[in-house]
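Good morning, and thank you for coming. I would ask you to keep the sequence and the structure in view while I speak.

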Amino acid sequence: MRLPFYPLLCVFAAVSLASAPADTIRLKNGRSIWAETITDKGTRLEYSIGDNTFAIPKSLVDHVEAGGAVPATSGGNASDSPGITIPTPGSELQIASDIYSKVLRDHRVDPEGLAALEKSGDPEAAAAGYFVAGRHELERGNFSPARSYYEKALHLRPENPTLLMHYAAALLRMGHGREGLASAEKAARLAPDSADAWAVLGAAQYASDRNDAAQTSWKHSLSLHADANVERMLAKAQRDSAAEASYSQGESSHFTLHYEGQQTSESFRRALLSTLESQYDELSGVFNTPPRDSIAVILYTGQAFFDVTQAPAWSGAINDGKLRIPVNGLDSVTPDLARVLKHELAHSFITYLSRGRCPQWLHEGIAQLLEPRALGSRGNRLSQLFQGQNQLPFNMLEGGFINFSTTEATLAYDESLAAAEYISETYGVSDLTRILQRIGEGSSTEAALRATIHADYGSLETELARFLSNKYGR
């Protein structure tokens with residue numbers, strides 16, 4: 001998502017982070033953080049979540065509550081808009097209890113146990129073992145081994161609808177929606193009474209830019225079983241259809257363009273696709289790994305953009321898997337529009353390289369950097385916030401910015417850009433891509449930072465404060 005410029009104000013925001021039973025840090029702005037341990041470090045509180053340790057200025061904290069449980073949260077990708085959530089099939093294989101002990105040892109997949117199952121001469125047991133291994137790796141964000149295990153399971157039981165729908169859902173989470181479509185279609189044919197199969201099929205169809213078919217599948221899924229997430233996805237697809245009922249379509253090598261036929265000129269559309277193709281080539285050189293599927297681009301000329309996306313008033317464009325671009329009043333690709341297009345297209349590359357796991361601050365930081373955008377005069381004010389330890393800690397910017405106010409979002413975007421500037425100028429753009437690759441391979445954000453620039457969130461903020469002071473503090 002791209003944010004228009006607004007005056008920078010000192011604001012504070014936080015998002016809830018999930019963990020085990022934990023203490024609670026209550027912030028002055030009304031938000032909360034749940035942590036496994038909390039340590040008072042004078043001007044800051046240090047707290048841990050899993051293997052990661054974070055810090056927050058005490059000036060943001062109202063009080064700390066001991067004990068309690070973390071509220072349930074739902075997973076999602078890093079998209080900064082209300083897009084399509086990949087369904088997680090509830091359908092399971094019939095798996096003997098001893099399969100788990102043979103496949104998983106010390107919370108890890110045991111290759112020897114899998115090999116023994118395959119040599120046993122029982123293809124159903126072996127397929128179940130590979131399914132357990134695949135789901136175990138997928139739940140930990142290890143997409144490549146998860147895909148491999150699912151494919152081995154399907155080689156043994158190619159007509160099993162549960163395996164097919166889980167495999168399709170895994171491909172969707174990896175950003176390979178079109179690849180997952182065939183498996184999702186086969187699962188729905190083999191299990192026509194499965195709400196899960198139709199929900200996954202709808203998501204694969206939507207990712208493949210087949211909106212009408214997706215709506216049909218989701219309606220059928222809901223007729224079999226009520227599901228709030230499927231209802232939300234259906235509503236979004238219906239808003240798309242209502243806005244695009246009279247739209248026409250054009251194509252280029254890497255893009256499918258949807259537009260109102262009488263509202264944009266043919267020369268404008270050609271120029272826009274040409275700009276996108278040029279930017280695609282440039283970003284392919286930066287990231288080395290371009291998205292495989294054709295990217296949908298939708299042009300809106302008026303209120304339809306906000307009606308469809310449900311985006312806040314401060315948003316300038318959105319990428320929720322499709323590039324949604326408001327072009328009201330434009331008849332040519334202006335420099336500002338070109339930057340919007342490149343920003344949103346960069347999100348597609350970032351999502352693909354990180355397998356949908358990139359935190360929002362890094363998403364927006366890299367996208368702004370590549371527009372390109374610079375902090376300029378706002379850098380001095382941001383430097384002052386960091387010197388006073390009044391910045392938003394980056395672990396609080398891992399989730400989306402969609403619910404932020406204009407001023408909160410402005411600060412979040414500026415901090416994100418500053419971090420991307422610091423990493424790029426200090427270590428090189430190649431290290432930004434390496435961070436994304438490690439995140440895509442399943443590393444946490446902090447682990448990816450440690451492995452590339454040797455910094456956790458705390459040291460990143462310290463170094464960024466120094467960087468801002470040197471560059472903008474004068």
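Let me begin with a definition: a residue counts as buried under 20% relative accessible area, as exposed over 50%, and as partly exposed in between. The model before you is predicted. As a first use of these terms, take E282: its relative accessible area is 43%, so E282 is partly exposed.

With that in place, we may turn to the chain as a whole. It has 474 residues, and 54% of them are buried. The chain holds 18 helices and 13 strands. Consider next the contacts between residues at least 6 apart in sequence: 66% of these join residues at least 24 apart.

I shall now speak about charged side chains. As a general point, side chains of opposite charge can pair when their charged atoms come close. How many salt bridges does the structure hold? The count is 20.

E282, which we have already met, takes part in one of them, with K342 as its partner and a distance of 2.6 Å from N to O. This pair links distant parts of the chain, for K342 lies in helix α12, residues 335-354, while E282 lies in helix α10, and 60 residues separate them. Is K342 buried or exposed? Its relative accessibility is 9%, and therefore K342 is buried. E282, as I said, is partly exposed.

Another salt bridge joins E179 to R292, and here the closest N and O atoms are 2.7 Å apart. Once again distant parts of the chain are linked: E179 belongs to helix α6, residues 177-190, and R292 to the loop between α10 and β11, with the two positions 113 residues apart. E179 has a relative accessibility of 28%, so E179 is partly exposed. R292 reaches 54%, and R292 therefore counts as exposed.

A further salt bridge lies within a single helix. E446 and R450 meet at 3.2 Å, N to O. Why are these two separated by about one helical turn? The reason is that they stand four residues apart in helix α17, residues 445-452. E446 is buried because its relative accessibility is 1%, whereas R450, at 34%, is partly exposed. Salt bridges can also share partners, and in this way R147, E151, E179 and R292 are joined into one network.

We come now to the aromatic rings. The structure contains ten aromatic pairs. One of these is formed by F131 and Y150: the ring centres are 6.0 Å apart and the planes stand at 50 degrees, so the pair is tilted. F131 sits in helix α3 and Y150 in helix α4, residues 143-156, so the pair ties together parts that are 19 residues apart in sequence. F131 has a relative accessible area of 0% and is therefore buried. Y150 is buried as well, because its relative accessibility is 1%.

Another aromatic pair, F255 with Y280, is edge-to-face, with 6.0 Å from centre to centre and 85 degrees between the planes. F255 is in strand β10, residues 255-260, and Y280 is in helix α10, 25 residues apart, so that distant parts of the chain are linked. Both F255 and Y280 are buried. Together with F287 and F349, they form one aromatic cluster.

Let us return for a moment to helix α3, residues 123-139, where R135 is also found. R135 counts as buried, because its relative accessibility is 18%. Which residues does R135 contact, leaving aside its neighbours within four places in sequence? They are E92, Y100 and Y150. Y150 is the residue whose ring pairs with that of F131.

My last topic is empty space inside the model. Rolling a probe the size of a water molecule over the atoms shows where such space is left. Two cavities of 30 Å³ or more are counted. The second largest has a volume of about 40 Å³. Its lining consists of V286, F287, I366, L369, L370, V429, L432 and T433; F287 is thus also a member of the aromatic cluster I described. Which helices each supply at least two residues of this lining? They are α10, residues 266-287, α13, residues 360-370, and α16, residues 429-440. Seven of the lining residues are nonpolar, one is polar and none is charged.

That concludes my presentation. Thank you for your attention.

Key:
Residues are numbered from 1 along each chain as its sequence is written. This is a predicted model: local features need pLDDT of at least 70, side-chain atom pairs count only at pLDDT 80 or more; totals for chains, interfaces and linings use all residues. Side-chain values use heavy atoms; hydrogens and water are left out. On a 1 Å grid over the protein atoms alone, a cavity is a set of points where a 1.4 Å probe fits but cannot get out, and a pocket is an open set with protein on both sides within 12 Å along at least five of seven lines; lining residues have an atom within 4 Å of a point. Grid points are joined across faces, edges and corners, and a volume is the space filled by probe spheres set on the points. Ala, Val, Leu, Ile, Met, Phe, Trp, Tyr, Cys and Pro count as nonpolar, Asp, Glu, Lys and Arg as charged, and the others, Gly among them, as polar. Buried means under 20% relative accessible area, exposed over 50%, partly exposed in between (1.4 Å probe, protein chains only). Contact means heavy atoms within 4.5 Å. A salt bridge is a side-chain nitrogen of Lys or Arg within 4 Å of a carboxyl oxygen of Asp or Glu. Rings of Phe, Tyr and Trp (its six-membered ring) pair if their centres lie within 6.5 Å; planes under 30 degrees apart count as stacked, over 60 as edge-to-face and the rest as tilted.
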